[in-house]
Amino acid sequence: MVRSLSLGELPPSYRPPARPPQILAGSLQAPLWLRAHFQGLLFSLGCRIQRHCGKVLFLGLVAFGALALGLRVAVIETDLEQLWVEVDSRVSQELHYTREKLGEEAAYTSQMLIQTARHEGGNVLTAEALGLHLQAALTASKVQVSLYGKSWDLNKICYKSGVPLIENGMIERMIEKLFPCVILTPLDCFWEGAKLQGGSAYLPGRPDIQWTNLDPQRLLEELGPFASLEGFRELLEKAQVGQAYVGRPCLDPDDPHCPPSAPNHHSRQAPSVAQELSGGCHGFSHKFMHWQEELLLGGMARDLQGQLLRAEALQSTFLLMSPRQLYEHFRGDYQTHDIGWSEEQASTVLQTWQRRFVQPRKLSLPMHPSRSTPSPPPAWTISCTSSLKSVPPAWWEATCSCWPMPA
């Protein structure tokens, strides 16, 4: 047992500790009293919790479970209009007017693919830049998601202007399989725009019909002796379809699939991109699908005569159906009869596809025609945006990086 030392046993150098300072009365007494009071309360509470720890733990779990039930009714807002459009703003008023006059089914969703020059003043009106844009657009058009045991790709969910009714059943089925998605792209000025369109049809004695090899005029001549196609012929003439894509110049005339009907197929000369894009491009219908320059290009520069010289950005826009349109399109279809198809499921399909669309993806660099190795990294950047659009054209968009250029 340790005993305390007497004064005689202390060393001569020992000095007793100084007396602690006295706490002054007045202003310091109240804070100290409050501190001691709260410490006493917390100590008393801690003692009670310790004596009844089982009950306290049980009540805590019950309260946590009751609060967690609220997660079942929580809703994550994914509607871009609700997230970005100000309430009672000019945009919201115009959207309300559009829905009131055209109905909810007039709305559609768009996904944009934008290619810009890395440096200010750069030019993207080159065959190499459009070739890279084509690769990115093809990657986008091949995005697929699997939901409800089904595979959903762009051809199933894209917005289509409406499949015409044809009296001839064989032609009607062929048109339904081939009817193209509405894609606003500078590639539509060239034969390569057909590569973005999915779908194919089969006719006996012919290879698979796709937009890359479809010449509507020639097809009418071949099928004319075997079927009455006057209604179909009249429809094509009104829409001014002509030869569709096979009558347009090939961006890469050395492509082995470049059709003989292309203007530069025999000369093997690359087209003037700026000249072809001047005035905009057309979809498969020259009369009803005219994409103006402002929808395809950005940062344009012109000469004194107004001719397009260069542009700093290319843009392709993929139009998707609205959830309501997608639900109506597949309602009663054999592909959805076993999954209890609903508008909520259609909305989930669209949102999942859009999220997959904006996920970063690797792009292979274009190969130099005279080498077997990739060319140096071009001075362009590719990104994508997701925006909610409505007829008339949109007023807002939310952007995100997509398909970054390899370093």
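Eight aromatic pairs are present in this structure. One of them is stacked: Trp152 and Trp341, with ring centres 5.4 Å apart and planes at 15 degrees. Trp152 belongs to strand β3 (residues 150-153) and Trp341 to the loop between α12 (323-330) and α13 (343-357), so this pair ties together parts 189 residues apart in sequence. The model is predicted. Its protein chain has 407 residues, of which 37% are buried.

**Aromatic pairs and clusters**

- Both partners of the stacked pair, Trp152 and Trp341, are buried.
- Trp341 also pairs with Phe330, and this pair is edge-to-face. The centres are 6.3 Å apart, and the planes stand at 75 degrees.
- Phe330 is in helix α12, while Trp341 is in the loop between α12 and α13. The two residues are 11 residues apart, and their pair links distant parts of the chain.
- Phe330 is buried, as is Trp341.
- Phe179, Trp211, Tyr245 and Phe284 make up one aromatic cluster.

**Charges over rings**

- Lys156 places its charged end over the ring of Trp152, 5.8 Å from the ring centre. Trp152 thus appears in this contact and in the stacked pair with Trp341.
- Arg248 places its charged end over the ring of Tyr245, 4.5 Å from the ring centre. Tyr245 is also a member of the aromatic cluster with Phe179, Trp211 and Phe284.

**Overall make-up**

- The protein chain contains 13 helices and 12 strands.
- Among contacts with a separation of 6 or more, 66% join residues 24 or more positions apart.
- The exposed area of the protein chain is about 24900 Å². Carbon and sulfur atoms supply 57% of that area.

**The nonpolar core**

- In soluble globular proteins, nonpolar side chains tend to be buried together.
- The largest nonpolar core here has 77 residues. Leu125, Leu326 and Trp341 have the most contacts inside it.
- Helix α5 gives the most to this core, with seven residues.
- Leu125 touches Val273, Ala274, Leu277, Leu297, Leu308, Leu309, Arg310, Ala311 and Leu314, with residues up to four places away in sequence not counted.
- Trp341 joins two topics: it is among the residues with the most contacts inside the core, and it forms aromatic pairs with Trp152 and Phe330.

**Buried polar and charged residues**

- Gln115 is in strand β1 (residues 107-117). Its relative accessibility is 0%, so Gln115 counts as buried.
- The side chain of Gln115 reaches the backbone oxygen of Ala129 at 3.3 Å.
- Glu293 is in helix α11 (residues 293-296). Its relative accessibility is 8%, which is under the 20% limit, so Glu293 counts as buried.
- Glu293 is in contact with Leu277, Ser278, Gly279, Gly280, Met300 and Arg302, leaving aside neighbours within four places in sequence. Leu277 is also one of the residues that Leu125 touches.

**Partly exposed and exposed residues**

- Glu128 is in helix α5 (residues 127-141). With a relative accessible area of 39%, Glu128 is partly exposed.
- Glu128 and Leu251 are 123 residues apart along the chain, and 9.2 Å separates their C-alpha atoms.
- His286 is in the loop between β5 (281-282) and β6 (290-291). Its relative accessible area is 35%, so His286 is partly exposed.
- His286 is in contact with Ala239, Gln240, Val241 and Arg248, leaving aside neighbours within four places in sequence. Arg248 is the residue whose charged end sits over the ring of Tyr245.
- His286 and Ala244 are 42 residues apart in sequence, with a C-alpha to C-alpha distance of 8.8 Å.
- Glu344 is in helix α13. Its relative accessibility is 58%, which is over the 50% limit, so Glu344 counts as exposed.
- Glu344 and Tyr327 are 17 residues apart in sequence and 8.5 Å apart in space, C-alpha to C-alpha.

Notes:
Residues numbered from 1 in each chain as written. Predicted model: local features only at pLDDT ≥ 70, side-chain atom pairs only at ≥ 80, totals over all residues. Heavy atoms only, no water. Helix = DSSP H or I, 4+ residues; strand = E, 2+ residues; numbered from the N terminus. Buried < 20%, exposed > 50% of the residue type's maximum accessible area, 1.4 Å probe, protein only. Contact = heavy atoms within 4.5 Å. Areas by Shrake-Rupley, 256 points an atom, 1.4 Å probe, with all protein chains shown as cover. Phe/Tyr/Trp six-rings, centres within 6.5 Å; stacked < 30°, edge-to-face > 60°. Lys NZ or Arg CZ within 6 Å of the ring centre and 35° of its normal. Core = buried A, V, L, I, M, F, W, Y, C linked by side-chain atoms within 4.5 Å. Polar contact = N/O pair within 3.5 Å; in protein donor to acceptor, adjacent residues only side chain to side chain.
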